[in-house]
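Reader: Could you take me on a close look at one part of this model, and then show me how the rest fits around that part? I work at the bench, so plain words are welcome.

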Amino acid sequence: MKTIKVSFEVNSEPVSLQVKPYETLLETLRERLDLIGAKEACGLGACGACTVMVDGIPLRSCLVLTPEVNGASITTIEGLGKNGNLHPLQESFMEKGAVQCGFCTSGMIMTAKALLDRNKKPTKKEVVKTMSSNICRCTGYKKIVEAVEGAASKR
Amino acid sequence: MILPKFDYKKAEDIAQAIALYEGARGRACYLAGGTDLVPMVKLRLSTPKAMIDLKGIEQLNTISRKGNSFIVGPNITLFELKCHDTVKDYFPALYESLDATSCETLQMRGTIGGNLLQNTRCLLYNKSLEWRTARGFCYKMGGATCNVVPNVAACFSNYCSDNALSLLSLGASLKLAGPEGERKIKLEKLFSRDGRNPFTLKPGEILTEIHIPLKRSTGAYEKLRVRNAIDYPLLGVAVSLKEGKGRVCVGGIGPAPLVYDLKDVAGAGLKDVAQQARQEAKPVANATLSAGYRKKMVQVLTERAVKRALKEGK
């Protein structure tokens, strides 16, 4: 199978790669670019642990083929903090104790970031609805919802 | 989960997509959002030689009005369509079914065309290759039996599109393009009623337009599922009412939706339709809730949806 040349931006840095046509974005990020923040859990698009932002839209990177994102701009959890400081959402997740094992956290934060980017002051109902895109198997969702609300109120 | 080997091609227009399909000698899949197709390929339920990406085709990415039709390009994502003003104002049943589909993140990736053309599902079908090999292949995998109901000739896999039901209730039709040319069909004619191959699409055909009659309606969508996020419908009922007449569509049970006309909305008509739907729905033990419960809920959700649609109309 012939490889395909793809160019895109990851966390504001241009990347150009030769990838297999059947390679998922998650594999490319984790195995070629060492961006291991996005996690593989179900691998079937149900859980949301692999969520990254592609052109401002949160996507399950395990369902996206890398050739599909040619020319796109991708943000992963590694790209949120600026100049050594954590993103307000990351701070808020720590503050409210919304992390237990941490496997779902990067996906949760990326989904929450996409929500806050398009809706600066979401209601609790909206937060719950959006965050129900992602599955957490440890803490329950109360603290996660509180953390997103906390980050929204600080903006 | 690792994908099997296949080639990736991006089509610039519909003619090129069809040419690419023919070039792969029929062993190709059209790819839009991929939220249904990629998991199928990962589980080896589909093993295409090539994926033909339709997302670059501008013609499939537009929403327009022409005469008395609201025309939706199949590459429009569920989220975009949900946020469209016309959908909210004119087609409340469609708005509710879009909102009930999966979760927000997947709505932003999944397309309306892909949602209509998703394959049917079964508890004993959507499994890994190892699981299915151990259990033995069923009709839908090319085997000679049904693993859910022994000694039957049919496949009972469930068609799980939420939005097909509301589009059916609104009287939508589809425009298709394929190697043999273009054609337009009523949405009802899309379903073959055979779970093995649930659609009447010819090889290589692409859905190019979804036409919805532009008439203000009231409506509702009721969905039975275990979790309010992500789950496929275990039963879905869509109702749309226009000018005192209505249409009820029941889906999520069996390979094709059931469609009923509602002539006498206010009187005994509703009870009759709800009872008829319950009698005709044939759920089997291939979903996470029991068949008996799903059957009972057909009547409950039908009545609930119609009552809610009537209330909204006032």
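Author: Happy to. In this predicted model, B:S102 counts as buried, because 21 C-beta neighbours lie inside 10 Å and 20 or more are enough for that label. The residue sits in the loop between α5 and α6 of chain B, just after α5(B). Its backbone deserves a look as well: phi of B:S102 is near 45 degrees, a positive value in a residue other than glycine. Most residues other than glycine have a negative phi.

Now step back into the helix that leads up to this loop. How many of the nine residues of α5(B) are buried? Eight of them are, and the helix, which spans residues 92–100 of chain B, is mostly covered. The buried ones are B:P92, B:A93, B:L94, B:Y95, B:E96, B:S97, B:L98 and B:A100.

Which residues of α9(B) does this helix meet? On the α5(B) side the contact uses B:A93, B:L94, B:S97, B:L98 and B:A100, and on the α9(B) side it uses B:D162, B:N163, B:L165, B:S166, B:L167 and B:S169. Sorted by class, the residues of this contact are six nonpolar, four polar and one charged. B:A93, B:L94, B:S97, B:L98 and B:A100 thus appear twice in our tour, as buried residues of α5(B) and as its partners for α9(B).

The geometry of the pair can be put in two numbers. Two packed helices are described by the angle between their axes and the distance between the axes. Here the axes of α5(B) and α9(B), the latter covering residues 162–169 of chain B, come within 8 Å and cross at roughly 175 degrees. Since an angle over 145 degrees counts as roughly antiparallel, α5(B) is roughly antiparallel to α9(B).

Chain B also has strands to show you. Strands of a sheet pair through backbone hydrogen bonds, either parallel or antiparallel. One open sheet of chain B has three strands in the order β1-β3-β2, with parallel pairing. Its edge strands are β1 and β2 (28–31), each pairing on one side only. From one strand to the next, the twist averages 25 degrees. Four bridges join β1(B) to β3(B), residues 50–53, and the two run parallel. If you would like one pair to find on screen, B:D7 has B:A50 in β3(B) as its bridge partner.

Antiparallel pairing turns up in chain B too. Strands β6(B), residues 173–178, and β7(B), residues 181–186, pair in that sense over six bridges. They form a hairpin with two residues between them, and B:S173 has B:K186 in β7(B) as its bridge partner. β6(B) is also joined by five bridges to β8(B), residues 206–213, and this pair runs antiparallel. There, B:L176 stands opposite B:L207 in β8(B).

Where does chain B meet its neighbour? In total, 22 residues of chain B are in contact with 25 residues of chain A. The elements giving two or more residues to the chain B side are β1 (7–10), α2 (37–42) and α6 (104–107). So two elements from our tour come back here: β1(B), an edge strand of the open sheet, and α6(B), at the far end of the loop that holds B:S102. By class, the chain B side has twelve nonpolar, four polar and six charged residues.Across in chain A, A:D55 makes a good companion to B:S102. A:D55 has a positive phi of about 50 degrees although it is not a glycine, and it lies in the loop between β3 and β4 of chain A. Is A:D55 buried or partly exposed? With 13 other C-beta atoms within 10 Å, A:D55 is partly exposed, whereas B:S102 is buried.

The strands on either side of that loop matter for how chain A is laid out. Chain A is divided into domain 1 (4–79) and domain 2 (88–153), and 21 Å separate the two domain centres, taken over C-alpha atoms. The contact takes 15 residues from domain 1 and 13 residues from domain 2 of chain A. On the domain 1 side, β3 (51–54) and β4 (57–60) of chain A each supply at least two residues, and the largest share, three residues, comes from β3(A). By class, that side has ten nonpolar, four polar and one charged residues.

Terms used. Residues are numbered from 1 along each chain as its sequence is written. Chains are lettered from A and ligands numbered from 1 in the order in which they are written. This is a predicted model: local features need pLDDT of at least 70, side-chain atom pairs count only at pLDDT 80 or more; totals for chains, interfaces and linings use all residues. A residue is buried if 20 or more other C-beta atoms lie within 10 Å of its own, exposed if 12 or fewer, and partly exposed in between; C-beta atoms are placed from the backbone. Domain bounds come from an automatic or database domain assignment. Two residues are in contact if their C-beta atoms, placed from the backbone, lie within 7 Å. Ala, Val, Leu, Ile, Met, Phe, Trp, Tyr, Cys and Pro count as nonpolar, Asp, Glu, Lys and Arg as charged, and the others, Gly among them, as polar. Axes are lines fitted to C-alpha atoms, for helices over the stretch in contact, and angles run from 0 to 180 degrees between N-to-C directions. Angles under 35 degrees count as roughly parallel, over 145 as roughly antiparallel, 65 to 115 as roughly perpendicular and the rest as oblique. Two strands pair if DSSP finds at least two bridges between them.
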